Amino acid sequence: MDPMALLKQSFLEECDELLSALERCLQEMDTGATDTETVNAAFRAIHSIKGGAGAFGFTEIVPYAHGFEAALDLLRNGKVRVADAPLGLFLRTADAVGACVGAARSGQPAPQFPDLIEALRQFVSGGGAAAAAPVMPLAAAAAPEPPPVEAACGHHIRITPHDDLFRRLVEPPQILQSLETLGEPVLTCDVSAVPLLAALDPARCNLRFDVMLDSAATREQVEDVLERCFDADELAFISPAAPAVVSPPAVVMRGSADGMTGSVSGAAAATAGDEAMPAGSAGYEAAAVAAPAVSAGDSALAAARQLPLMSPLPDASGVVPTLKNRPAMVRTIRVDLDRVDRLMNLVGEIVITQSMLIDRSRDLPVLHALQLTEGIEALTRQTRELQDQVMAVRAQPVKTVFQRMPRVVRDLATMLGKQVRLATCGEDTEVDKTIIEELADPLTHMIRNALDHGLENPDERISAGKPVEGVVTLSAEQRGGRIVITIADDGRGLPRDKLLAKAISRGVMAADAKPSAAEIDALIFHAGLSTAEAVTDVSGRGVGMDVVKQNVEALGGRVTVESEPGKGCTFALSLPLTLAVADGMVVKVAGQRIIVPISSIMETLQIANCRPGSLPGGSEIVRLRGQVAPLIRLADLLELGGSGQETVVISAETDRGEIIGIAVDEILGQQQVVVKSLEASFGPVAGASAATILGDGMVALILDIDALPALVARRGQRPQPDQPVLVPHAA
Amino acid sequence: MSEFHAPADQAANATMRKIVTFRVDQRTFGIDVAAVREIKGWHPATPLPHVPPHVRGVINLRGMILAVYDLRARIGLGITAATPAHVILVVDVHERVAGLLVDAVSDIIDVPASAVRPPPDVQTCDQMLSGVVIVGEEVVSLLALDRAVDANPLVNTYPTLPSEAA
């Protein structure tokens, strides 16, 4: 890929981030944030998009960005109150920009929304009128800006570029040239900061420009032009009141397009070796390229050196920074996710090698083994830390998904004519990026369901004695080794009679079945059962919750539902925190080693100490912490043969809070295991969530604690318990 | 290893297929050489619960979990008493990689595509063959890999069970 295409691609990526920042700001405004910083952040985001879009030739984005920016500017300088801002228009414009970015990425023609541009234009021009009666200016508290310099006196702008100007691929000649559209610019370049040849870095910009623009244009218009290329803090408008102490001009150029041709590098080539370049006539070209040109020969340097030095900066009060808050330096880099994945895989390999070393050390003579153990212990600590760090790289707060939801709720509530408040909590809970990415669709779907099916219409709510405004709560929390995301609404709850009737009519459930309330609720996850009376735009096609369930299970997660008629309904997604490495207890069952995830284990007991017994019907039970819990003999359940050797009971808690006793022959130890999917090679295996590779190279299954109760229940229904029974695979 | 040659008149102008042949219980089977990733000696597999007997379990293939299918059990001749002399063919089946436990690999032969005949109508193994080819004195049964390495039971070998409430 050529470098320009790479740059464009990286810009489009950046646009996504900027748009999401923008949307966040708009949402904050929507929820009542009126602080200057929010508006400024939104402004910066759209401004960066506009600048980049112009620079990279995505001209179709510019009109929206421009109109948006102008509109936000009214908010920024307090001409319009944030509370009065047309957020709907803003959100749609953000969407339009997003659509254009998407189109640019796929190389398709950009969609057109002329009505948006017109609406923004009207808002901006209307805003100008509103300025006659200005409301409480936003920026007042932060930094009172002096009144903008008005047309008659023209503008004096001092441009002090950061020294990375050339690296930004900015071409000052073109930008300065574009000032000609506003009036006649007189350009002065200060080259006093250009170092001697020996110290010169041609890629650094050591130049400073002073522009005297004789123009009727407003300051905003001038800023507009210049900020396509320069950061706001590189620009300073010097008010005419302050003494303009630029004397005598270093390199002066009267604006004529011809003199400003060529890019910086092109000009550098042109001037290279031009020994007789007189300071006065070299003009802008010499100045713009002073740094690169110096490399061409001493004489050019000499010419530059002979130029009178720029006078000291005028009194600080005369310099008005255009943007007080410069965006905080973001100390991040962009890394291809594949690289992080490879890193994570490598950590996995190290964990396996480490357990191999531990295994081998057991065969050594005691003295040697002791020496080795010390090293291995250090290695274990370091591997664990390495793994945590790599995982931290992959981890992202669920906020990145959650923040899309207010929008979904807002749009849908309007469409459905319901009043809905979305409450979120635990947005900072961090989860693996892969999981985050896969969460957006299921969450959106469930939120839509909650709004469409869960929450009642306003009049229904009133007659049910509920507040008109429905509440949907979205929350995330870490529980043990898993993250649990719940979507709760305070609506009518699942319609059990309808679910059951539908299940019977579709043959999903026998007509004479007497399912429990929970079993009926669980039907919501069954494919093809939708209870909406009419198929709407929103939902009701019956291809909802079963897809959600599949998506979540593909992530190694589980989704459950709890519903209370008239009170509301809660869906809970329980997901693994990471897909890569887990802590496991290695147990032996009928000669096989099996990994029990530590995160589910509560305690381990001798089997005799927990009073095993059996219920009529044959189910075995044990007493765990004063409770009666089912006893699951793993050798039986996993059909490994040879049960009856059990000596230890592991007391474990499933994600539904059930406590079960798992009988195993022996506990071998505890270690970190690398989670390897069984689905990739084989398919889902009932009772095992995944597999891992032990130190001796053998594969061990990782027990799926949460699935055990269901497996036991299914086993009880088998027609012939001693025949091998096939568990149907997901088609 | 012995060389097999298809009749010269056929080989002259037909498209050739390269076939890996292997033996299971005195029978010769073949699969396209392109489907074979590697051939490795038998390694004890970790059994999986709740799977039909022809799924021998999973092994570690350089960090990857590989499911191993017992071809002898698959065709209804009982489970292979695997020894280190037995061989696992690591094969590509669509997106997956799978292991096929066989008695021994015999040869790689070139056969003209035209010499491959459709499998006989009476297939005891639920369409597990994609064709047969006669090489010298021997009948080589070409496997339909996706059917051979399927965890689902064969219709006429194992009893089917009622699927989940559906």
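Why does Ile660(A) count as buried? In this predicted model, in which local features require a pLDDT of at least 70, side-chain atom pairs count only at pLDDT 80 or more, and totals for chains, interfaces and linings use all residues, Ile660(A) is buried because 23 other C-beta atoms lie within 10 Å. Residues are numbered from 1 along each chain as its sequence is written, while chains are lettered from A and ligands numbered from 1 in the order in which they are written. A residue is termed buried if 20 or more other C-beta atoms lie within 10 Å of its own, exposed if 12 or fewer do, and partly exposed in between, with C-beta atoms placed from the backbone.

Ile660(A) belongs to strand S21 (residues 659–664) of chain A, where helices (H or I, at least four residues) and strands (E, at least two) are DSSP runs numbered from the N terminus. Contacts, defined by C-beta atoms, placed from the backbone, that lie within 7 Å, join Ile660(A) to Ala629(A), Pro630(A), Ile632(A), Ala652(A), Thr654(A), Leu708(A) and Pro709(A), when residues up to four places away in sequence are not counted. Ile660(A) and Asp706(A), although 46 residues apart in sequence, are 9.8 Å apart in space from C-alpha to C-alpha. For Ile662(A), the contacts, again leaving aside neighbours within four places in sequence, are with Val596(A), Ile632(A), Leu634(A), Val649(A), Ile650(A) and Ala652(A).

A nonpolar core is taken as a set of buried Ala, Val, Leu, Ile, Met, Phe, Trp, Tyr and Cys residues joined through C-beta atoms within 7 Å. The largest such core has 90 residues, and those with the most contacts inside it are Leu634(A), Ile662(A), Ala691(A), Val58(B), Tyr69(B) and Leu100(B). Its largest share, six residues, is supplied by strand S14 (residues 581–589) of chain A. At least three residues of this core come from each of domain 3 (337–396) and domain 5 (581–716) of chain A, the domain bounds being those of an automatic or database domain assignment. A second, separate core of 40 residues includes Ile447(A), Leu494(A), Cys569(A) and Phe571(A).

Ile447(A) is also one of the buried residues of H16(A), among which are Ile435(A), Leu439(A), Pro442(A) and Leu443(A). The 22 residues of helix H16 (residues 433–454) of chain A should span 32 Å at 1.5 Å a residue, and the 30 Å between its end C-alpha atoms agrees with this value; the expected span is 1.5 Å times one less than the number of residues. H16(A) nevertheless has a kink of about 35° at Leu439(A), shortly before the proline Pro442(A), the bend being the angle between axes fitted to the seven residues ending at a residue and the seven starting there.

Nearer the N terminus of the chain, helix H2 (residues 36–55) of chain A has 20 residues and reaches 28 Å from its first C-alpha to its last, close to the 28 Å expected. H2(A) is mostly covered, with 15 of its 20 residues buried, and Gly57(A), just after H2(A), takes a positive phi of about 80°. Leu26(A), which lies in helix H1 (residues 3–30) of chain A, is buried because 24 other C-beta atoms lie within 10 Å. Leu26(A) touches Ala42(A), Leu87(A), Phe90(A), Leu91(A) and Ala94(A), not counting residues up to four places away in sequence.

Most residues other than glycine have a negative phi. Glu639(A), in the loop between helix H21 (634–637) and strand S20 (648–653) of chain A, has a positive phi near 55° and is partly exposed, with 18 other C-beta atoms within 10 Å. His94(B), in the loop between S6 and strand S7 (96–102) of chain B, has a positive phi near 50° and counts as exposed, because it has 9 C-beta neighbours inside 10 Å.

Chain B comprises three helices and ten strands, and 36% of its 166 residues count as buried. The chain averages a pLDDT, the predictor's confidence in each residue from 0 to 100, of 80, and 78% of the residues score at least 70. Within chain B, confidence is lowest in helix H1 (residues 8–11), at a mean of 47, and highest in strand S6 (residues 87–93), at 93. Over residues 155–166 of chain B, pLDDT stays under 50, and the model has 13 contacts beyond four places in sequence for them. For the complex, the predictor gives an ipTM of 0.79 and a pTM of 0.52.

Terms used
Contact = placed C-beta atoms within 7 Å.
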